[in-house]
Amino acid sequence: MMTRRILGHTLVAGAAAALFPGAASAQDLPRARNVVLVHGLFADGSCWSEVIPRLQEKGLNVTSVQNPLTTFEEAVASAQRVLARQEGPTVLVGHSFSGMIVTEAGLDPKVSALVYVAARAPDAGEDYTALAKTYPAPPASAGIVFDGDEGRLSETAFLRDFAGDLPVDRARVLFAVQQPFHKALLTGRTTRAAWRSKPSFYAVSTEDRTINPDLERFMAKRMNARTVELKASHLSLISQAQDVADLILEAAGQPQARR
């Protein structure tokens, strides 16, 4: 069942049996043993700290990738190295920018399902920046500051536009571990789109000020993902950690985990 905090709905193209590419329902998914989590911009691997124990208590082997945030190729390679260490079916999860990494690396045969958490989900070769410009710019965009080739969010933008629904003290801790990204990272494009052939799940953040929520809805619908909407900032993986964990568990073939 949906939790009370989940406002959303399932986006379906065609019959209900088409919820996932190649699978009639979540029950048909292979039961995954592993979950690989990838963080996006303005963060590091610790941003998954509220989700990880919820997955571990269900017996899943969980790894949070430390995304180098240097170039797209190097970021994908870091995720691929972690995937190579997994044994058996694996759910690949991306937040924010790392949705591009999930889209590129998700064709690994070990990957049984993809989960996007307020994440980019471009098609193969698509210019994501151009796609994003077809929607009103989110407020966080104006808060990016550069020091040479390195970019980060200002503290004001981080607290207000990135982590706006978190307690200020918690948000400041996350700001303190914010990792800078290199300008070169933003020039990368996916060469393939794993969501076209893998079961996909998407958590939209309805209060997102970092990625336009309507853009998130468009990408989720385009990939025919099992979709939930969370009343959350861009950091739903912290403010709505149980709901995000539940969606991942569903992708892992454990739909009964939803409360």
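Biologist: What makes Arg160 count as partly exposed?

Modeller: This is a predicted model, and in it Arg160 has 46% relative accessibility. Partly exposed covers what lies between under 20% and over 50%, so Arg160 gets that label.

Biologist: And why is Asp161 called buried?

Modeller: Its relative accessibility is 1%. Buried means under 20%, so Asp161 qualifies.

Biologist: How do you know that Arg160 forms a salt bridge with Asp161?

Modeller: Their closest N and O atoms are 3.1 Å apart. The cut-off is within 4 Å, so the pair counts as a salt bridge.

Biologist: What makes Glu104 and Arg192 a salt bridge?

Modeller: Same kind of check: the closest N and O atoms are 3.9 Å apart, and the limit is within 4 Å, so they pass. The two sit in distant parts of the chain, 88 residues apart: Glu104 belongs to helix α3, while Arg192 is in the loop between β7 and β8.

Biologist: Which of the labels buried and partly exposed goes to Glu104, and why?

Modeller: Glu104 has a relative accessible area of 10%; buried is under 20%, so buried it is. Arg192, with 33%, is partly exposed.

Biologist: Why is Glu50 with Arg54 called a salt bridge?

Modeller: There the closest N and O atoms are 3.8 Å apart, and within 4 Å is what's asked, so that one goes in too. Glu50 at 30% and Arg54 at 24% are each partly exposed.

Biologist: How many salt bridges does the structure hold?

Modeller: It holds 14.

Definitions and conventions. Residues numbered from 1 in each chain as written. Predicted model: local features only at pLDDT ≥ 70, side-chain atom pairs only at ≥ 80, totals over all residues. Heavy atoms only, no water. Salt bridge = Lys/Arg side-chain N within 4 Å of Asp/Glu carboxyl O. Buried < 20%, exposed > 50% of the residue type's maximum accessible area, 1.4 Å probe, protein only. Helix = DSSP H or I, 4+ residues; strand = E, 2+ residues; numbered from the N terminus.
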